[in-house]
Amino acid sequence: MRLRGIVFGFVVLGAGGGLLARGATRIGVHQGYAPEQPIAFPHKVHAGDNKIACLYCHSAARTSRHAGIPSASVCMNCHALLEKQTTAIQRLKEAVQQERPIAWTKVHNLPDFVYFNHSQHVVSGVACQRCHGAVEQMDRIEQAAPLTMGWCLGCHRAEAHVPTSTFARVAANVRGRPTPFAGEDCTSCHY
Amino acid sequence: MSAGGIHTSDPTTGAAPDTLPATRWIEGTPSLHRITSDISRPMEAKPGRGWWICFALASAAVLNLLGMVGYLFAKGIGIWGLNNAVGWAFDITNFVFWIGIGHAGTLISAILLLFRQKWRTSINRSAEAMTIFAVMCAGLFPLIHMGRPWDAFFIFPYFPNQRGPLWVNFRSPLVWDVFAISTYFTISLVFWYLGMIPDLATLRDRAVGGIKKFVFRILSLGWNGSQRTWSRYEIVSLVLAALATPLVLSVHSIVSTDFATSLVPGWHTTIFPPYFVAGAIYSGFGMVLTLLIITRQTMHLERYITVNHLEAMAKVTLLTGSLVGYAYATEFFNAWYSGNVHERFHFINRATGPYAWCFYLMVLCNVLTPQVLWWKRARRSVPLLFVVSILVNVGMWFERFVIIVVGLHRNFLPSAWGMFYPTVFDIGILVGVFGLFFSLFLLFIRALPMIAMWEVKGVSNG
Amino acid sequence: MAERFLVGSFSEPGPMLAAVATLRSAGVAIHDVFAPYPVHGLDQAMGIRRSRLPFVTLLAGLGGLCFALVFQYYTAVFDWPLDVGGKPENSTLAFVPVCFELTVLIGGLGTVGAFLLRARLFPGKPEQLPVLGVTNNVFAVVTHAPAGGNEGPLARRIMLENGADEVDEREGES
Amino acid sequence: MSRRPTCDEAMPRGDGHDAPLVQIGLPTGARSTGFEATRRDVLSLMGFSLGAIGLGAGCRAPVQHAVPLPSASTEMVPGVPNLYATTCGGCGASCGLVVKQRDGRPIKIEGNEASPLTGGGTCAAGQASVLSLYDDARLRGPVWLGNAVSWSEIDRHITTMLGGGGSDRRAIVLLSPTINSPSTRAVLADFRTRFPGFRHVVHDPMSLAALREANRLAFGAAVVPHFHFDRARVVVALEADFLGTWLAPVEFSRQWARRRTADGTRGFHVQCEAGLSVTGSNADLRLAVAPSELGTVAVALLAAVARRVNDAGLAALNATGLGQTAPHAAAIDRVADALARHRGESLVVTGSDDVATQLVVGKLNALLGNIGGADGPIDLARPSLQAQGDDAGVPALIDDMNRGAVSALIIWGANPVYDHPDGLAFRKALGRVPLTISFADRRDETSAHVHALCPDHHFLESWGDAEPVSGHFSLAQPLIAPLHDTRAGAESLLAWAAPAAGAAGAGKPADHRLYLRDFWRRALYPRAATAAGFDDFWERTLERGVVELPGPAVQTHAFAGDWQGAVRDIVTRASRAGTDHGGYELALHETVGARDGRHANNPWLLELPDPITRLTWGNVASIAPATAAALGVATGDVVTLTTETGKLELPAFVQPGQDRRTISVAVGYGRWAAGKAGDGIGANVYPLARVENGVRRYAARVNVAKAGRRARLAPAQTHFSMEGRDIVQSLTLASLEHEHEHEHEELPNLWRERLHGAHAWGMSIDLDACTGCSACVVACQSENNVPVVGAEQVRKSRIMHWLRIDRYFDGDGEDATTVHQPMMCQHCQHAPCETVCPVLATTTSSEGINQQVYNRCIGTRYCANNCPYKVRRFNWHNYTANDDFPYNMTSPLGRLVLNPDVTVRSRGVMEKCNLCVQRVQLGKNQALLQRRPLADGDVATACQQACPTGAIVFGDLADAGSRVSKLLAGRRAYRVLDDLGTRPNVGYLKKIELKEKA
């Protein structure tokens, strides 16, 4: 009878609403963003096959808030000696000769109003892959993590020895909460 | 809604007729059919010139509102007169004012129902409609006063979200407001609609085909007046009334905590909840009076909205008005008795500071004006009641303005004192919202039965 | 299968009440009565039990209350106990208003929802009127009148005796 | 961050390398808001239609690029700030600075702790000078006869017209303010060898010519002595705002604060002045004295002291019985007592423009034995080299120009058309000079009328050195490659003076840096008693910024001035004044924001509330309440001031503490060619000063009349009384001794104490040391990207400063006392703002900071309403990239000053002081990188770093040994409005009162 139709309609509406809501919560999340670069730089070849340490090129990550895109001159440290020639390498060398900076396309754009300091995390022994994914297997870099606040906090809580699972937190709360860790403060990232 | 036709004592409303006042709540004894056609006339006849003029004015104000709010969203609330000292002024004043207006409706339909006041029957429908529209107007302000409506969703605790464990602050009265206002709006709306279903069915059956019949058929949910449904229906009405009664009292109490839980001198007072509720009912009845006096004249419903109704409302107005006046006095006494330097200064400043004129205007309108209602003749004089009701509304608007602005503009550190001067946008939006309210109401009296036919039938039959 | 009904229409509630009472005492099964407004005393006359909807209200209300309590406690104490003005994480008193509002909201909506379901009212449902005007000024008493049974003539007589304007026979499925 | 490399090698030269630097240097803050705005809009549109939400899931933010340096630099790691020592060019005091450079551009001025003079303090103007670097009004390159040209071309024109050579005796005149840079003086010397007819005229808008003249007469040396206020137990200042604007305020503030001890050795500070100044507002005893009476007071003081030290030679003076006729006789006696009690450790200074008065004061100091000695308060032997202005110079120059006796005029840093009483005459005279050259960085009032505009570098772009006090040297190095095609003034002079090949003195480097280095090797290195080679010495000095090199002492003799003559002169003038007394007197003075007007286009300074009037955006005529009542004038009424040299219309301001007969007006306003922000702000009062027999007088007889109009002032504070609430608390020395620690009972805590993390940040502010100089306000604005909102918004009391300095008066007569109270977020442990925020946008961090999360804030403003200190600031408009607010945040160039580590807030967001949490995080990160715990003092907030008196101390309250913990546990500590139970982490130290009322 008709009532069934009505009920069905409500179910459909609910499901649709749920999907829309989920879509809404993905606004501004660019997971999987993999733009083309002015010079096709294969991390797979460098970090993967040739096992060049991340911090060799991105040396700034050790001391700075920025990981730092290496200057073309850094590339030349090796490519001056290697005779391998590709169009990409050709364009790189031109850039170096003309002292023309290369405008790389930024892949990992944090949401607005967030301050992230690479050095803090590198020094604390966070592996690059933990946020950037398996870079050594990527030909073209893509954003592996969602880079949302919830995602950051998950790790911060784990590292801050604040129980992440609800039940663990309940238990901890019964015992009396562990001393708060600055890594959970708003001002750790927002100022 | 079962106040209608009570002659035998029955489980739902077991009142003996002789306990009721001998007042006639309907003039003459119109037949059931007469009642139906009288009440549905405004919806079926062409609107008169008076209606068109009112509607033109109101909708002009609405256009102005749309324009100004649009500009507000584009430019930010800097276009208002607010500043570092006075962070709230017209916006929250309007919010509290309209919430207050919204109180009479549910009060009439719920509390008077529980108190078995027969006279509510012919006014409750329009009073409830007024409630709905007033709450809509009120709800506008929390949204626009932030200047960035697209961020308003932050205030709802929803899942899934990108923020992980960050919810909202359930300690903040603003969150309480969100829940209180939305609950109040929903319940009032349901209550209103539920009460309208039988009348919608009536209209459906009067309608001669066409879109009108279609719409009414959808809305009336296939109502056919079956007694089995009626008996459940009355239980549900009672239950809703029982739920709505504490709700009415809670809403303005919660709104008052916006102020009472803060530490601003003049806000930080425990008498605020009852004081605000009294004020709300007061202003609500003021507005009901205004509207009914207009409609009964323009729509020729004197037969159903009698002077007796007006007088009954006048009595409530007098009572709540006196309560409000008492609250004013108490505030001053508390300030003096507390010996708190900031509190004392606030009330001295309220009575002698740059905004003193608002204070005295408020006392004049809210405390002195209703005193004329002690005289029966005054209570039964329609023009006088009209004037009083208007003054009451003015006074209650200024009450909120005085509380908010005078509280903020001079408090703890004299170095941070400031003044608030409204801009054209403050005033424009104030006017615009009145326009919104009245155009909604004007549409309502054209589109829906503004008097509960089935209830009146019950009464007339008694 | 199609069933046969007797529909007696009255213009006044009084006679209608009397008719109903007599019908029941005569043992005629009353299908239903249709009226423009709730005529009081009719429930007893028809012997309708008091609705149990208030229990729905109670349950829904309690549900809302529990949800509000648990949810606020969870967010404020377990999920992220932020230091808000030095207040205790479990500021129970501050949770009261929301608890109350949700109780009322869910209680109210639950009741109305249950009512609509129970009374089979939903948008677009075609109205089934025994006679036109039951939503205006006619009171209609509907009794079962199986073919060949003797309830039919009996009921017709009783209703006419009690001042029914007219009584006619209908077919339709209940 | 801790290392301070020199930028000899680090700095890219001006050969195009800097272009990409500036690109990557675009502040992420600014970028993020630009991005934010667009994305917010996208979101807002989406909010309205459900369908758009689905689209939103796939929506892409605008593509961003990351542009690395073409070739890696070891010095410059993107995102890592470097600190370079240099010298401030904000005023003549040449304070040592350490400038924070981020991604190749200077973003923040800090004081240089190594400087023995300032010890790390700065002033408001100094803090703001970094913004002037990014001023849009600056010239982009040289201009010849109104056309942009290349340097080589303009050099060709100029060299041909200058001619020069051994026999060439054409008069070439350089007009500049005091030049205390030894290397530049050397450049001038070289220039003179090339052009024998060259001469140098020094013009300071606010000069101390009278003081130098008096010292010439008295001690045989026309010098400005080096004052040591810290060596004086008693300081008597006659019309000398030495804490605010006079001579070297930063240095003097530091010295003065050293004497504000909370024990018996505390100094006693007396101020005699007409208008209330920053210094006067901090004096233990302040006497309102009209300019015409200043001399009388000096004489009376001399007489009174003479009586006490019964000096025979002064008998004659006592006969004149001046002690009685002078005002404030009783008070003067008390002061004389104090002075006599502290002979040799007292100090009388006067900024008077009257030689006679200066002579009397000189005599007074001599009598008290304050002059000379190893630790005498007044040092003539190693004098200050500031304020060498020669008032007679400009009038003489104007005559020469009109006579056609000047063949070429070079104007360097001076703006006489604006700031000289005879400005108009000067402008006319300019037309008579065949070649006029200006080094001005913009087309200002003067340089608009010259032939050749050869824009000088901003001091942050150029090399240089300074010797503010003889023997104290300070080096300046560029923080950024020149933004525009400008050239150091010295380099221009060198280029034009470059001798024909083979001529004498050829082969001197024309590059300014090399010249400087060469000069130091030749002239200064020998004076350094160091075994190290010159390169070491140079590197060290460059890194340290300052160095002390003993030099020859100035030869002076004992006081030999004709003080009797001076006294007679003063007495006769006083009696004349007594006879024809009528009308009022006009007194010109500087304010800490505007100073002499050279920073007029700096919006930070224009919006800086004056510590005394609390007014922004313009100057006023300050009138005593009594006088205002007599004239029927109220604050805001426009009055007409008429002197014999001109008339002026200004809004009146009723000013407690103002002398009854005097109208005070601040100079430095009313520029008409300063730039977009500064033009037409206030009125120019310089023309009302006048030059009187060789000395410029900053006071004049004036007639006051109501103009019948009202002006709308832009006050940052409208109510001046504390209304009897104990907001600023004070105690007397006596009570301090008896007061027990924590005698005020601690309010009970309703709730269980919250656990806190590793630290508990707190701040202590010493109300006794705070002078209200407002350096901290600008420092905060510069550090935290606080927007400038303009006069109209300030009028609506929407000023955005996170840190404000409240000022309250007690009484409103001439003897009104003043208190200053820096007020910023108090970081309450029980913060009222937090409880009411619906979205948890503001909470207390585990380290006790009341944190404000901008991107969570939805702008209900409930927190601001509920904040008893009213320190929260709401972004009523979008102040960035918004043409309604045409200040630095709107111009691409101006945005370069933004601090990339601090978010630029957008519209509808609440903001406030966050205890420079970005500095806290940086400090913690530094400690982390160096694998060491954070030590007390590692983190200094911007306001603390800027404070010249060290009134502000920030630190960890969890560490009982930290300075701030000790201070806040002390007897003077209290919290503002703590009876509200807010439990602030910011505490104040009570002011100490000597209870000396006039």
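In chain D of this predicted model, strands β2(D) and β3(D) are joined by six bridges and run antiparallel. Strand β3 covers residues 96-102 of chain D. One place to see the pairing is D:Asn82, which stands opposite D:Gln101 in β3(D).

These two strands belong to an open sheet of three strands in chain D, with the order β2-β3-β4 and antiparallel pairing. The edges of the sheet are β2 (82-87) and β4 (105-111) of chain D; each has a single partner strand, so one side of each is left without a neighbour in the sheet. The strands do not lie exactly parallel to each other in direction-free terms: on average, neighbouring strands of this sheet are turned by 35° against each other, direction ignored.

The next topic is the contact between chain B and chain A. Eight residues from chain B and nine residues from chain A take part in the contact. The size of an interface is often given as the accessible area lost when the parts come together. Between chain B and chain A the buried area is about 620 Å², and carbon and sulfur atoms give 67% of this area. Which three residues supply 76% of the area that chain B buries against chain A? They are B:Pro160, B:Gln162 and B:Pro165, and they supply more than any other three residues.

By class, the side of chain B that touches chain A has four nonpolar, three polar and one charged residues. The count of salt bridges between chain B and chain A is zero. Three residue pairs are in polar contact across the interface of chain B and chain A, with both residues at pLDDT 80 or more.

Definitions and conventions
Residues are numbered from 1 along each chain as its sequence is written. Chains are lettered from A and ligands numbered from 1 in the order in which they are written. This is a predicted model: local features need pLDDT of at least 70, side-chain atom pairs count only at pLDDT 80 or more; totals for chains, interfaces and linings use all residues. Side-chain values use heavy atoms; hydrogens and water are left out. Two strands pair if DSSP finds at least two bridges between them. Helices (H or I, at least four residues) and strands (E, at least two) are DSSP runs, numbered from the N terminus. Axes are lines fitted to C-alpha atoms, for helices over the stretch in contact, and angles run from 0 to 180 degrees between N-to-C directions. Contact means heavy atoms within 4.5 Å. Buried area is the accessible area (1.4 Å probe) that two parts lose on being put together, summed over both. A salt bridge is a side-chain nitrogen of Lys or Arg within 4 Å of a carboxyl oxygen of Asp or Glu. A polar contact is a pair of N or O atoms within 3.5 Å; within protein, one must be able to donate a hydrogen and the other to accept it, and residues adjacent in sequence count only if both atoms are side-chain atoms. Ala, Val, Leu, Ile, Met, Phe, Trp, Tyr, Cys and Pro count as nonpolar, Asp, Glu, Lys and Arg as charged, and the others, Gly among them, as polar.
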